[in-house]
Amino acid sequence: MAARLVQRCCWRHLGAFVSTPSAVPASLLVPAGKVVMARALPQAPFALFHTSSPSSWADGFSVKEQVEDSGNPEHKVIGELIETATSPQELFQLSELHDLNSNQASLIITQLSRLAAEKKLETESILQDERFQQLIGITDDQISQVWNNTLVNLLKSLYSLGVDSSRREMQSVEQEVLWRLRRLTFRQLASLAEFLAVKQGKESKLLNEVIKKLELRWTELEGTRTVVTLMAKVGHISPTLMDRLEDKALELAEQFNLDDIRKITLALAYQNRRCVPLLRALSYHLIQKHPELSLNILMDLIFAYGKLNFHQPQVFQKIATDLHPHISTMTPVEVTRCIRSFALLKWLSLPLSEAIAQYALDNTKQLSVAHLCSIILSFARLNFQPSGSEDFFNMVHEELQDQLDNLEPHLLTDLVWSLCVLQQAKAPYLQRVLAPEFHARIRGDQSLKAQNLRLKLIHINAAAKLESPDYRGPFLPAEMLNVAEPAGEKVTLLQSSLRDALAGVLGSRDNGRFDVRTIYGWQIDAEMVVNNENKPLPLKDFAAPHLLRSEGTKPLPPGARRVAFLRWEFPYFSNRSKDLLGRYVMARRHVQAAGFLVVDVS
């Protein structure tokens, strides 16, 4: 009972003090966000003397801060002088002419930081000025009386000015912020987290504490700006917080403007977070509400969708259509970035690709070898042949013929492989990568990168043998044609369905092979030999030139044919668009050239 009586009396007297600020003795004023004796005696009755209520924290200032700011004319004048100062000297003169308190000293330091950033001033001269040291001293002596919002800005300003983090005054400010975290508004926490994430990174102890508070108070999230900023700047540090931010972003999806959508999709892309519900919602509102997209937004969106491998045909069509008029004015970097993203998505826009091919012809001198290679690799992935194919590839050969020796081995291999897909690989390209000294570098290397390089060399070797009758060598040695089976590769539903369907047709296991790894680098999902009446024959009896080691030696009887089943298992392509994936097209050509009748299975 006594405790409750004391509590009621304390709040009544405190209400009188706040309502008549002029009557309050300075010694009785409680600093913003502070609790009298709270740290020493957390359960004491004195803890009731808190000068702010929950509703007063909306703008970052407590009741007492608002009263002092508006009720003291001298403080108001000094505040205006600080805001309107245009040089560090004006601010330092203020510190000489007026007896400043810790809040005013903190505001001057914040303004110094702002001026240094805006005018690109040398911060060293500011830090070494004796008057700056005096300002830091004032804030340190009265650090507990600095208002919350001012304290947060003070900490950011000291970091921006480059104050040594080992200084006692700097550590004092950091510690004070750490103590007050529970009393900061969500907006202040978000602002501090954004700043620390950029300035100090995930190793910052203070940042980790701020993020913990954000995770606990995520229900206070309001407004699109805070959500977007936290996702872009802080989300990568805390997956838990990012989960909450994605949920909130999905809730606010309809309110995002174009720039918000761009920032969110980029944040998801950079963090490899494929949040399908959020991406679908953003895509929907992008199509419905934003008819015109700028070049920068178009480029960032297609990059993000490509990085996340997220397919949204309506969005792709819109981006391709909107990009088309910009192609002629784009830089080589923008053009290559654009076509590379569409290639990753396996999305072919004929008008856009034709425009890029024409751009390459019109801007040959501006394109570097790397840019040109990137365009060729992208065209190969989409199996795109320009309408002016002869002119385009003549330009390509002319630009690349003297640059092959300067290309890094993996890029050179990718380039020649892409030219094989497009059936444009001439003898000089083939000889470069099939030469013994070239592939000797990866012999014995079991890394994933080396295995991928070896597989592409086998594809190139197959193209040289099957599609280049005038090519005389060199070729890869037999020991390099054996491709190791990928470890832990799972049988897909389509593969198992194919096996079940063929089991009844073959009659006997001797009449078929499954998962056949050929010397051409391509895997045949199923193989059989049929006679002129289309009846299966035992495979083991016949020679198999497509295998590294053949079990039989007999030639096929007259009228007999080899049949290969190739699995088409790309979820975003229909049967009618199989010619859009260069890798599959080259595999099909090589298997046909090896004497097979190819059956597509999808």
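## Where His 371 sits

In which helix is His 371 found? This is a predicted model, and in it His 371 belongs to helix H20, which covers residues 369–382. Buried or exposed? His 371 counts as buried, because its relative accessibility is 17% and the cut-off for buried is under 20%.

As for its company, the His 371 side chain makes a polar contact with the side chain of Ser 368, at 3.0 Å. Leaving aside residues up to four places away in sequence, His 371 also touches Pro 332, Val 333, Thr 336 and Gln 366.

## A look at helix H22

Now for H22, which runs over residues 409–421. With 13 residues at 1.5 Å a residue, this helix should span 18 Å, and its end C-alpha atoms are indeed 18 Å apart, so the two figures agree. Just after H22, Gln 423 takes a positive phi of about 55 degrees.

Plenty of names turn up on the buried list for H22: Leu 412, Thr 413, Leu 415, Val 416, Trp 417, Ser 418, Leu 419, Cys 420 and Val 421. What covers them includes H20, the helix that holds His 371. Other helices in that cover are H21 (389–400), H23 (427–434), H24 (436–439), H25 (448–467) and H27 (582–593).

## The chain as a whole

Zooming out, the chain has 27 helices and five strands. Of its 602 residues, 48% are buried. If you take the contacts with a separation of 6 or more, 69% of them join residues 24 or more positions apart.

On the outside, the chain exposes about 30,400 Å², with carbon and sulfur atoms supplying 52% of that area.

Terms used. Residues are numbered from 1 along each chain as its sequence is written. This is a predicted model: local features need pLDDT of at least 70, side-chain atom pairs count only at pLDDT 80 or more; totals for chains, interfaces and linings use all residues. Side-chain values use heavy atoms; hydrogens and water are left out. Helices (H or I, at least four residues) and strands (E, at least two) are DSSP runs, numbered from the N terminus. Buried means under 20% relative accessible area, exposed over 50%, partly exposed in between (1.4 Å probe, protein chains only). A polar contact is a pair of N or O atoms within 3.5 Å; within protein, one must be able to donate a hydrogen and the other to accept it, and residues adjacent in sequence count only if both atoms are side-chain atoms. Contact means heavy atoms within 4.5 Å. The expected span of a helix is 1.5 Å times one less than its number of residues. Accessible areas come from the Shrake-Rupley method with a 1.4 Å probe; for residues, only the protein chains shown count as cover.
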